[in-house]
Amino acid sequence: MRYIAESSEETYREYAWALEKFFGAMTLRQIHDGHLRSYQEDRALCRGNWKKKCGQNRIHKEIGLLLRMLRAAHLWDDDLDDAFDQLPLQQSDIPRALDPVEQEHWMSSCLVYPEWKWVHQYSTLALQTCASTFEIRMARLKDINMKHWTIRVGPEASKNKFRNRTIPLESDEVKEAVEGLVRRAVGFGAHRAEDYVFPFGGGSRRGDLDVSLPMTKFGLKATWNHIRDYAGFNWLRPYDMRHTAITRMAENGVPIAVIMSFSGHIKPQMQQHYITISMQAKREAAFEAWQKFPPSSVKLLPQHAVA
């Protein structure tokens, strides 16, 4: 059996859940290209049992999963591929990052109410490690080293081997945030090395707390959305903290190799995006330096002088 990361399995289950809303009553043999066209249109306009409209890239990936199943069942071939116009991926779909002013506003908004503080601590950790939402949710007590101040992203948390890494925790702010998150986990009953920093049901009123399981992606959603509404950032997702963190590093001229040592693997398109930001920061710094310390005048040699 081919191994896939837990995060990938979770993503495929979400795609299958969406597909089931439309194709649930059909067998694979009954599905034809007309159904796929209708699915794309209905999914985009939220005509059905879905909760909200869906973007083009998400629809492409959902249909892609269904096509893989049809091919595996020998019910889809190249001729059908030619007859079906699948929505293309939007390659320019670069996630938005908070600018420095927005970032400061978000962080201060997280401190408005005491029950929101843990999201401030989560955001601080994400912004100063470039870790993804899934990587942070999967962090166990054993992954945090308070002696050397590092956090480990191991195979159980990373999407692939190129995302395995150990990240330094340098600032007093991130150290304080990590200490607060560990105290919170201990308060929920976490004490073993294998227990999670963000346990399942932490803070939930349902009483289903389990420190041996990680918080689901929905565990952050309610509090996050309250803060998001208060701050006025209706577009902001937890994953955008990673993009914001990498953007801040690039804006400060940090080389892409160092950025990747924090963030792990980055898609080539995004690498080029961050390299462009980093180069612009370098140009601005160089311009400012030469403005303050202009070079002395230079006399050209006769052969290079303009007549």
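Helix axes that meet at 65 to 115 degrees count as roughly perpendicular, and those over 145 degrees as roughly antiparallel. The exercises below use a predicted model.

**Exercise 1. Classify the packing of helices α1 and α2, and name the residues that make the contact.**

Step 1. Helix α1 covers residues 6-23, and its axis lies 11 Å from that of α2, at an angle of about 110 degrees.

Step 2. This angle falls in the range of 65 to 115 degrees, so α1 and α2 are roughly perpendicular to each other.

Step 3. The crossing of the pair α1 and α2 is right-handed.

Step 4. On the α1 side the contact uses A18, L19, F22 and F23, which meet H35, L36, S38, Y39, D42 and R43 of α2. Sorted by class, these residues are six nonpolar, two polar and two charged.

**Exercise 2. Do the same for helices α2 and α3.**

Step 1. The helices are α2, residues 33-45, and α3, residues 56-72; their axes cross at roughly 150 degrees and come within 10 Å.

Step 2. An angle over 145 degrees counts as roughly antiparallel, and α2 and α3 are therefore roughly antiparallel to each other.

Step 3. The crossing of α2 and α3 is right-handed.

Step 4. From α2, the residues in contact are L36, Y39, Q40, R43 and A44, and from α3 they are I59, E62, I63, L66 and L67. The classes come to seven nonpolar, one polar and two charged residues.

Step 5. Set beside Exercise 1, the lists show L36, Y39 and R43 of α2 in contact with α1 and also with α3.

**Exercise 3. Lay out the three-stranded sheet and describe the faces of strand β3.**

Step 1. The sheet is open, its strands are ordered β1-β2-β3, and the pairing is antiparallel.

Step 2. β1 (144-145) and β3 are the edge strands, each pairing on one side only.

Step 3. Strand β2, residues 150-153, is joined to β3 by four bridges, and the two run antiparallel. Among the partners, T150 is bridged to P168 of β3, and V153 is bridged to R165 of β3.

Step 4. In β3 (residues 165-168) the side chains alternate between faces: R165 and I167 are buried on one face, whereas T166 and P168 point to the other and are not buried.

**Exercise 4. Decide whether the charged residues E102 and R137 are buried or exposed, and list their contacts beyond four places in sequence.**

Step 1. E102 sits in helix α5, residues 100-109. Its relative accessible area is 15%. The cut-off for buried is under 20%, so E102 is buried.

Step 2. Beyond four places in sequence, E102 touches R96, A97, F233 and W235. A231 is 129 residues from E102 in sequence, yet their C-alpha atoms are 9.0 Å apart.

Step 3. R137 belongs to helix α7, residues 133-137. With a relative accessibility of 6%, R137 also counts as buried.

Step 4. The contacts of R137 beyond four places in sequence are E10, Y196, F198, P214, M215, T216 and K217.

**Exercise 5. Summarise the whole protein: how many helices and strands are there, what share of the residues is buried, and what share of contacts joins residues at least 24 apart?**

Step 1. The count is twelve helices and five strands.

Step 2. Of the 307 residues, 40% are buried.

Step 3. Taking contacts between residues at least 6 apart in sequence, 60% join residues at least 24 apart.

How values were computed. Residues are numbered from 1 along each chain as its sequence is written. This is a predicted model: local features need pLDDT of at least 70, side-chain atom pairs count only at pLDDT 80 or more; totals for chains, interfaces and linings use all residues. Side-chain values use heavy atoms; hydrogens and water are left out. Axes are lines fitted to C-alpha atoms, for helices over the stretch in contact, and angles run from 0 to 180 degrees between N-to-C directions. Angles under 35 degrees count as roughly parallel, over 145 as roughly antiparallel, 65 to 115 as roughly perpendicular and the rest as oblique. A crossing is left-handed if the near helix is turned anticlockwise from the far one by less than a right angle, and right-handed if clockwise. Contact means heavy atoms within 4.5 Å. Ala, Val, Leu, Ile, Met, Phe, Trp, Tyr, Cys and Pro count as nonpolar, Asp, Glu, Lys and Arg as charged, and the others, Gly among them, as polar. Buried means under 20% relative accessible area, exposed over 50%, partly exposed in between (1.4 Å probe, protein chains only). Two strands pair if DSSP finds at least two bridges between them.
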